Amino acid sequence: MPLSWKTASCWKSSNKMKTLNQYFDHTNLKPDASQEAIKKLCAEAKDYGFYSVCVNSCHVALAARELKGTDVKVAAVVGFPLGAMQTAAKAFETELAVQEGAAEIDMVLNVGAMKEGRTDFVLQDIKAVVDAAAKGGAIVKVILETCLLTDEEIVSACLLSKEAGAAFVKTSTGFSTGGATAHHVKLMKDTVGDVLQVKASGGIRNKAQVLEMVEAGADRIGASASVAVMQEA
């Protein structure tokens with residue numbers, strides 16, 4: 001049976017206490033995810049009181065309908081999973097997702113531009129999404145894909161995300177060569193401080209990994225194994 005949020009463990013993040021379930025963006029980004037799978041995701045999010053569901057943008061309207069009247073938010077990924085499309089396309093996808101009910105946008109950084117040192121382009125790419133999301137009152141998380149970046153590039157990407165007005169920096173898509181690590185989460189949190197929040201995602205499948213990420217500075221956890229973690233807890 002689902003754990004009540006009232007009985008879930010309380011953990012510390014950003015000097016505030018919150019229950020374990022409220023760390024989770026309950027996630028299904030599989031390319032073969034069906035409408036029934038998204039409905040199941042939303043039902044689980046309601047049962048466990050997760051912070052949000054995170055879905056591909058084509059599923060936003062369905063998730064918003066399923067979660068209407070609850071406190072569970074809808075997050076949509078944009079430019080997923082590569083981040084290597086035109087900025088205008090990312091901004092347009094963002095606008096559509098927000099119009100259909102997304103309260104949060106998880107956009108993928110243009111990793112190639114970041115690695116080339118084209119910081120002006122990266123800044124404008126992020127800012128275009130932030131501005132598009134703001135039209136509907138949504139916030140933006142920037143997925144850095146940390147497994148493909150050096151520590152110096154991660155720091156730079158965090159600073160650019162802050163300058164562009166993002167609300168979060170996020171470790172990973174979960175679709176590249178690696179996922180979240182405590183080292184990268186701590187580096188990101190040390191860089192952004194309390195100005196931005198940090199989301200750890202990618203390969204987080206049990207309570208020990210969640211706790212490790214929270215202790216490193218994660219304010220939010222993206223996982224498809226959220227229910228398994230709650231059952232373990």
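Let's start at Val77, which faces Asp106 of β6 across the sheet pairing. Keep in mind that this is a predicted model. From β5 the chain passes through helix α3, residues 87-99, on its way to β6, and that β-α-β crossover is right-handed.

Staying with those two strands, β5 covers residues 73-78 and β6 covers residues 104-108, and they pair in the parallel sense over four bridges. Besides the Val77 pair, you can find Ala75 standing opposite Glu104 in β6.

Now look to the other side of β5. Here β4 is the neighbour, running parallel to β5 and joined to it by five bridges. Ala75 turns up again, this time as the bridge partner of Cys54. The connection between β4 and β5 goes by way of helix α2, residues 60-66, and the three make a right-handed β-α-β unit.

So how much of β5 is covered? Mostly covered is the description: five of its six residues are buried. As a reminder for anyone colouring the strand by side chain, in a regular strand the side chains alternate between the two faces of the sheet.

Let's zoom out. What do the strands build together? Eight of them close into a barrel with parallel pairing, and going round, the order is β3-β4-β5-β6-β7-β8-β9-β10. From one strand to the next, the twist averages 25 degrees. Helix α1, residues 35-48, packs on the sheet and touches β3 (24-28) and β4 (52-56), with its direction at about 165 degrees to that of β3. Further along, helix α5, residues 119-134, lies across β6 and β7 (139-143), and runs at about 165 degrees to β6.

One helix deserves its own slide, and that's α6. It spans residues 151-164, so to speak 14 residues, and reaches 20 Å from its first C-alpha to its last, close to the 20 Å expected at 1.5 Å a residue. Which of its residues are buried? In α6 they are Glu153, Ile154, Ala157, Cys158, Leu160, Ser161 and Ala164. Looking down the axis of α6, these buried residues fall within an arc of 165 degrees, so they line one face of the helix. On the face turned away from that buried side, you'll see the exposed residues Glu152 and Glu163. And what covers the buried residues of α6? The cover includes α4 (111-116), α5, β7, β8 (168-170) and α7 (182-192). Just after the helix, Gly165 takes a positive phi of about 95 degrees.

Let me finish with the backbone. Most residues other than glycine have a negative phi, and most peptide bonds are trans. Two places here are worth a click. The first is the peptide bond from Phe80 to Pro81, which is cis, with omega near 0 degrees. You'll find Pro81 in the loop between β5 and α3. The second is Glu145, which has a positive phi of about 55 degrees although it is not a glycine. Glu145 sits in the loop between β7 and α6. Is Glu145 buried or exposed? Its relative accessibility is 3%, so Glu145 counts as buried.

How values were computed: Residues are numbered from 1 along each chain as its sequence is written. This is a predicted model: local features need pLDDT of at least 70, side-chain atom pairs count only at pLDDT 80 or more; totals for chains, interfaces and linings use all residues. Side-chain values use heavy atoms; hydrogens and water are left out. Two strands pair if DSSP finds at least two bridges between them. Axes are lines fitted to C-alpha atoms, for helices over the stretch in contact, and angles run from 0 to 180 degrees between N-to-C directions. Contact means heavy atoms within 4.5 Å. Buried means under 20% relative accessible area, exposed over 50%, partly exposed in between (1.4 Å probe, protein chains only). A crossover is right-handed if, with the strands pointing away from the viewer, the path from the first strand over the helix to the second runs clockwise. The expected span of a helix is 1.5 Å times one less than its number of residues. The arc is that of the directions from the helix axis to the C-beta atoms.
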